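Reader: Could you walk me through a structure I have just opened, beginning with the overall picture and then turning to the aromatic side chains?

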Amino acid sequence: MTARAWRVAFFACLGAMVFGYDTAWWSGVLGMPAFTKKFGVYNLTTKTYAISAPLQSSGSGIPTAGRILGSIICPLIADRFGRRITMLVMSIAFIISIIVEVTAQSFWQIVIGRFLNYIPMGMAGALVPVYQAECAPASCRGSLVTIYTWFVDAGALMASGIVYNTHALESDASFKTVMGVQMMFPVFIICALPLIPETPRWLCMKSRRDEALEILKTLRTSDEVAELEILDIEASLEMRNSEGKWIDLIRGSNLRRTIISMVIPSIEAWQGQSFMGNYLIVFLISLGQTNQYLLSLLLQSVLLIMVTLLFWTPDKIGRRPMLLAGSIIMFVTMFITAGVSGHDASHISNSRKSAAVGMLFIWAITYACTWQTLGFIAPAEIPTTKLRTKTGGLAYFVQQTGGLIVTFISPYMQDASYGNMGPYIGFFFGSIIFVYFCFPETKGASIEEIDMFFEQRLPTREFGKAAKGQHGIQEFVMHGAPEKDLEMADRDSAIVKTASATPAEK
């Protein structure tokens, strides 16, 4: 990795700050006295204003539909016009939507502004990890994609800090200041675009080899490394005869890759990420906490610190062990949180409050170290080059659809007038062991080697044992790749033969 490569990685991730910022400020604003007084209803029992469950659900759920729309739009623009042009379109859309939010005089105008804001946010979620994966070398691809989550957490921490300092204001400035600050991010992206190159893999896909090689030479430590990588990219594109159409997502080995890319981000949403992002403040209030804004700020600080300290772990420890450990710990912490805070909710002792908050912090640490990062890495590196943005967009679509369900039903599950579950809602967010059976270890493998492993039909647990860094895809293509559309009956026997023969040949 060159200095320019790291600089490009940081500039490309500026859009991620809007992602983290928006989620955090909305969670905080929902509990602001000035905001609840302006848009909420007065509760005679508690003698306080509060945003009703239907408004909470609509204000958090409808914008999520914008992310879904953005994830669909992203591949259409990125595959045809390139990754850089998509970043420009994304930034302009951010600016327009933020203006709508800041000028809002009604709750529903804020919702419309957030819906519009979530469209480019969905584009960023689908595009930026793909951009990072297509520019990064195999040795640090996981670390570079992790930078995306670092910027997400940095944006969330910034929003939490601003909310903490403005929540006591009695005027509209308490929440409109938070909305307006996010304008700086798309402006920074537009200013940085001249320093952000197009990805070499997209250029090769468009038969612009010379441009791709020139850019790759600036991103790698030597010209020889860049030239070998270009040959691998071309071999991979030659191996895949598909035209990159949507239907190709379910053809041949792509079906397996599409399933993996969709399921991993979806699990992340259902393990508590959507709930924590949208309703953390409301949840802490339900526990009887009076320092909920400080706790939210501390929680976001923990997330950022952990990502900063452990951004290298996907490339050193590996994807599979991190996901498996994270799944277990996150489920246990959510289960304990629900147990200690939900029992006899009419009176929650200080010790139970402390236990619940402590479990939330352990959840946050685990999430930051595992699923937050790897949920973006999987759809960025698993798909083949011609289908990467489409697969990434589809994966983000499925993730946000799951998050949308959580976002819509959570207020009703907690509200006393509906589900009346209160803090017991924590019971509903756990993990599954999809990772163990289906998610392959891709640590140290180039994107083109991952292409080859899937074409060889390697079993899940054989990926980590396969030889890497030997540019074997060129030889693999030269001797003929397996048929693209084998019948399912033939695939099982091909797995064993290919998995046993290929590593020795390479």
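Author: What follows is a short conversation about this predicted model, moving from the whole chain to its aromatic rings and then to confidence.

Reader: Fine, so how many helices and strands are there in the protein?

Author: The protein has 23 helices and 2 strands, and buried residues make up 59% of its 506 residues. The exposed surface comes to about 19,100 Å², of which carbon and sulfur atoms supply 65%.

Reader: And what share of the contacts with a separation of 6 or more comes from residues 24 or more positions apart?

Author: Residues separated by 24 or more positions account for 81% of those contacts in the protein.

Reader: On to the aromatics, then: how many aromatic pairs does a search of the whole structure find?

Author: The search finds 18 aromatic pairs. One of them joins Phe10 and Phe151 in an edge-to-face arrangement, with 5.8 Å from centre to centre and 70 degrees between the planes.

Reader: Where do Phe10 and Phe151 lie?

Author: Phe10 belongs to helix 1 (residues 3–12) and Phe151 to helix 7 (residues 141–166), so their pairing ties together parts that are 141 residues apart in sequence.

Reader: Is Phe151 buried or exposed?

Author: Phe151 counts as buried because its relative accessibility is 7%, which falls under the 20% cut-off. Its partner Phe10, at 37% relative accessibility, counts as partly exposed.

Reader: Which residues form an aromatic cluster?

Author: One cluster is formed by Trp25, Trp26, Phe35, Phe39, Phe107, Trp108 and Phe175. Trp25 also has a charged neighbour, since Arg114 lies over the face of its ring at 5.6 Å from the ring centre.

Reader: What lies over the face of Trp246?

Author: Lys390 lies over that face of Trp246, at 5.8 Å from the ring centre.

Reader: Changing topic, which elements have the lowest and the highest mean pLDDT?

Author: Helix 23 (residues 488–505) has the lowest mean pLDDT among the elements, at 40, whereas helix 5 (residues 83–102) has the highest, at 95. Over the protein the average is 81, and 82% of the residues score at least 70.

Reader: Where does pLDDT stay under 50?

Author: It stays under 50 over residues 422–430, for which the model has 35 contacts beyond four places in sequence, and over residues 481–506, for which it has 34 such contacts. Where pLDDT is low, the predicted coordinates should not be read in detail.

How values were computed
Residues numbered from 1 in each chain as written. Predicted model: local features only at pLDDT ≥ 70, side-chain atom pairs only at ≥ 80, totals over all residues. Heavy atoms only, no water. Phe/Tyr/Trp six-rings, centres within 6.5 Å; stacked < 30°, edge-to-face > 60°. Helix = DSSP H or I, 4+ residues; strand = E, 2+ residues; numbered from the N terminus. Buried < 20%, exposed > 50% of the residue type's maximum accessible area, 1.4 Å probe, protein only. Lys NZ or Arg CZ within 6 Å of the ring centre and 35° of its normal. Contact = heavy atoms within 4.5 Å. Areas by Shrake-Rupley, 256 points an atom, 1.4 Å probe, with all protein chains shown as cover. pLDDT = per-residue confidence, 0-100.
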